[in-house]
Amino acid sequence: MEKSKKTAMSGFDSVMSRIRGFCADTVAELGRCSWPSRQQLLESTVLVVVAMVILACFVAGVDEIARLVIDLVTTRG
């Protein structure tokens, strides 16, 4: 019984050491990343918002054209 308890603990220690290693590697990798400046972040955010507005307008336009075509086809009669 003592041996199975020891094996279970060594398995737990192994898992915990792998988790600690993963966390340490993640922190080290984040330290090597190049982070954008405040100005770059602002410019990228504005670009994304503008692109989303343009895409939303395009989708709304296509949806409206499809609705008109479907109304024209179904009310013909």
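Colleague: Let me start with one residue: is Asp71 buried, partly exposed or exposed?

Modeller: Happy to help, and please keep in mind that this is a predicted model. The relative accessibility of Asp71 is 33%. Buried would mean under 20% and exposed over 50%, with partly exposed in between. Asp71 therefore counts as partly exposed.

Colleague: Thanks! Which residue does the side chain of Asp71 meet in a salt bridge?

Modeller: Helix H2 is the place to look, as Asp71 lies there together with a residue four positions away, about one turn of the helix. The N to O distance in this salt bridge is 2.9 Å. The cut-off for a salt bridge is within 4 Å. The partner of Asp71 is Arg67.

Colleague: And which residues do the salt bridges that share partners join into one network?

Modeller: Arg67 and Asp71 form one of the links. Arg67 also forms a salt bridge with Glu64, with the closest N and O atoms 2.5 Å apart. Salt bridges with shared partners therefore give one network, and its members are Glu64, Arg67 and Asp71.

Colleague: How many residues apart are Glu64 and Arg67 in helix H2?

Modeller: Helix H2 covers residues 38-74, and both Glu64 and Arg67 sit in it. About one helical turn separates them. In residues, the spacing is three.

Colleague: What is the relative accessibility of Arg67?

Modeller: Let's take its partner Glu64 along for the ride: Glu64 counts as partly exposed, at 35% relative accessibility. Arg67 counts as partly exposed too. For Arg67 the value is 40%.

Colleague: Now to the other helix. Which residue forms a salt bridge with Arg32?

Modeller: Arg32 and its partner are three residues apart in helix H1, residues 2-32, so about one helical turn separates them. The closest N and O atoms of the pair are 2.6 Å apart. The partner of Arg32 is Glu29.

Colleague: Is Arg32 buried, partly exposed or exposed?

Modeller: Glu29 counts as partly exposed, at 42% relative accessibility. Arg32 has a relative accessible area of 59%. The cut-off for exposed is over 50%, so Arg32 is exposed.

Colleague: Stepping back, what percentage of the residues in the protein is buried?

Modeller: The protein has two helices and zero strands, and its accessible surface comes to about 7,400 Å². Carbon and sulfur atoms account for 70% of that surface. Of the 77 residues in the protein, the buried share is 0%.

Terms used:
Residues are numbered from 1 along each chain as its sequence is written. This is a predicted model: local features need pLDDT of at least 70, side-chain atom pairs count only at pLDDT 80 or more; totals for chains, interfaces and linings use all residues. Side-chain values use heavy atoms; hydrogens and water are left out. Buried means under 20% relative accessible area, exposed over 50%, partly exposed in between (1.4 Å probe, protein chains only). Accessible areas come from the Shrake-Rupley method with a 1.4 Å probe; for residues, only the protein chains shown count as cover.
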